[in-house]
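Please open the model in a viewer and set the display to show helices, strands and side chains. The stops below may be followed in order.

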Amino acid sequence: VYPLNVHHREGVGRMVEEWELAANKETRRIMMRDATKTIASKIVDATNCCDSAVSDSEKGAARILVTGKRGVGKTAALAGVVASARVSGHIVVYLPDGDRLRRHGFYIEPCNHRKGLYNLPMIAQEFCEQLLTSHGDDINTMTASEETMKEFLTDDQIKKVLAKANDNEEESEVEMPLTLDKLLNVGSESSSLSSGCYSSVISTLMNQTEKPFTIVADEFNCYYDHGHYFHMDYDEDAKKAIPLNKISIFKPFMDAMGLYPDIAGNDVKGDDAVDSSQAIMKWGSVVAATSESKAVRRTFTKSLTESANASAGSESPVSVVEVGRFSNVEVQHILYNFEITGIGRLRFDRGNTTLNPEEVEYLRMVSGGTGLHLMNACMIP
């Protein structure tokens with residue numbers, strides 16, 4: 001599967017961890033479940049991205065919220081969608097660790113160029129590096145207009161970006177408009193310019209129709225939990241947390257999803273948001289999933305899901321896809337996959353478990369049909 005890069009701190013999810021346990025490192029299989037097919041079909045139906053002759057008027061965008069109980073495979077479904085989308089030519093921004101992003105941004109500062117917004121320079125620098133690593137070759141012909149850059153960078157910052165881009169270029173002098181890969185390269189090297197560079201790139205990708213642009217965010221309900229970023233510029237006593245849709249790197253995809261639940265841990269409201277019909281990308285999709293394994297109040301997650309369901313009658317509805325427990329057939333097939341890749345006690349089992357109906361039924365029963373518990377049951381003798 002291409003390309004699920006391991007996060008430099010925490011990895012990108014259980015799929016990579018399972019593969020690290022495999023006896024045969026070349027064997028990497030993904031079971032295509034009904035939920036994964038549903039997500040993919042909604043993206044294709046909305047975007048017409050599989051038709052090579054599609055006109056700009058036929059290009060659209062999809063908004064999808066993935067829900068389900070803990071351990072049923074929401075993260076695995078998203079990882080499969082990311083890999084498939086990248087192979088299919090999509091430019092994909094993958095945010096697998098919402099719980100970390102909403103609390104461990106190192107430091108926060110006001111955005112002087114965009115009043116009322118705040119920057120997380122270190123996280124923006126990390127995002128620039130990730131997107132450059134995954135799609136540098138895909139965006140090296142796309143350019144950010146000077147008007148777009150002026151929306152997110154001051155004139156002085158634009159001069160610094162040009163100067164740094166020229167320092168990185170050995171053959172010829174860089175001129176406006178800058179290609180997106182050069183912007184990301186500057187952003188990945190400079191924390192003071194990272195937020196503006198990243199926002200310029202995302203805005204350009206959101207408003208182009210050359211290649212489909214997809215944003216995939218896991219642990220999305222964490223963004224609506226109690227906040228962890230404080231600043232005296234927002235609240236003089238620094239007691240009130242800054243809502244994440246007022247932070248520049250999160251605002252584009254939170255506006256694109258357009259979900260503002262009645263019950264949330266912070267003051268996430270649509271008052272300052274771009275209208276969802278304009279906030280959504282011109283060609284692509286935004287796919288978000290909730291998490292049941294993080295410390296988020298259930299009422300927040302429930303309210304978020306209800307908000308998505310309530311959008312059903314709107315011009316740009318959010319499609320809710322629920323990932324269910326493994327069926328009997330899926331349990332059997334995932335056990336075959338565990339055995340063939342050498343997971344846990346099935347590594348030297350020689351088929352004694354997978355070919356025994358009683359053993360298969362026992363594992364299905366103790367796991368409750370959830371992937372996380374099924375793998376644990378296979379790991380522990």
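**The cavity**

Begin by selecting Val93, Leu95, Tyr198, Ile202, Ile215, Ile249, Pro252 and Phe253, which line the largest cavity in this predicted model. The space within that largest cavity comes to about 60 Å³, and the structure holds one cavity of 30 Å³ or more. Colouring the lining by residue class gives eight nonpolar residues, no polar residues and no charged residues. Next, colour by element: β2 (91–95), α9 (191–206) and α10 (251–257) are the elements that each give two or more residues to this lining.

**From the cavity to α5 and α9**

Keep Tyr198 selected, since the next contact also involves this residue of α9. Add helix α5 (residues 121–135), which packs with α9 at an angle of about 50 degrees, the two axes being 8 Å apart. Because of that angle, α5 is oblique to α9. The crossing of α5 past α9 is left-handed.

Which residues of α5 and α9 meet? On the α5 side, select Pro121, Met122, Ala124, Gln125, Phe127, Cys128 and Leu131. On the α9 side, select Ser191, Ser194, Ser195, Tyr198, Val201 and Leu205. The contact of α5 with α9 contains nine nonpolar and four polar residues, and no charged residues.

**α7 against α9**

Remain on α9 and bring in α7, whose axis lies 11 Å from that of α9, at an angle of about 100 degrees. This angle is why α7 counts as roughly perpendicular to α9. Select Gln157, Lys160, Val161 and Lys164 in α7, which meet Ser192, Leu193 and Cys197 in α9. The classes represented in this contact of α7 with α9 are three nonpolar, two polar and two charged residues.

**α7 against α8**

Hide α9 and select helix α7 (residues 155–168) together with helix α8 (residues 180–189). Their packing angle is about 100 degrees, and their axes are 10 Å apart. It follows from the angle that α7 is roughly perpendicular to α8, which is why the two helices appear crosswise.

To display the contact, choose Val161, Lys164, Ala165 and Asn168 from α7, then Leu183, Asn185, Val186 and Glu189 from α8. Four nonpolar, two polar and two charged residues make up this contact of α7 with α8. Val161 and Lys164 deserve a second look: both take part in the contact with α8, and both also meet residues of α9.

Technical notes:
Residues are numbered from 1 along each chain as its sequence is written. This is a predicted model: local features need pLDDT of at least 70, side-chain atom pairs count only at pLDDT 80 or more; totals for chains, interfaces and linings use all residues. Side-chain values use heavy atoms; hydrogens and water are left out. Axes are lines fitted to C-alpha atoms, for helices over the stretch in contact, and angles run from 0 to 180 degrees between N-to-C directions. Helices (H or I, at least four residues) and strands (E, at least two) are DSSP runs, numbered from the N terminus. Angles under 35 degrees count as roughly parallel, over 145 as roughly antiparallel, 65 to 115 as roughly perpendicular and the rest as oblique. Contact means heavy atoms within 4.5 Å. Ala, Val, Leu, Ile, Met, Phe, Trp, Tyr, Cys and Pro count as nonpolar, Asp, Glu, Lys and Arg as charged, and the others, Gly among them, as polar. On a 1 Å grid over the protein atoms alone, a cavity is a set of points where a 1.4 Å probe fits but cannot get out, and a pocket is an open set with protein on both sides within 12 Å along at least five of seven lines; lining residues have an atom within 4 Å of a point. Grid points are joined across faces, edges and corners, and a volume is the space filled by probe spheres set on the points. A crossing is left-handed if the near helix is turned anticlockwise from the far one by less than a right angle, and right-handed if clockwise.
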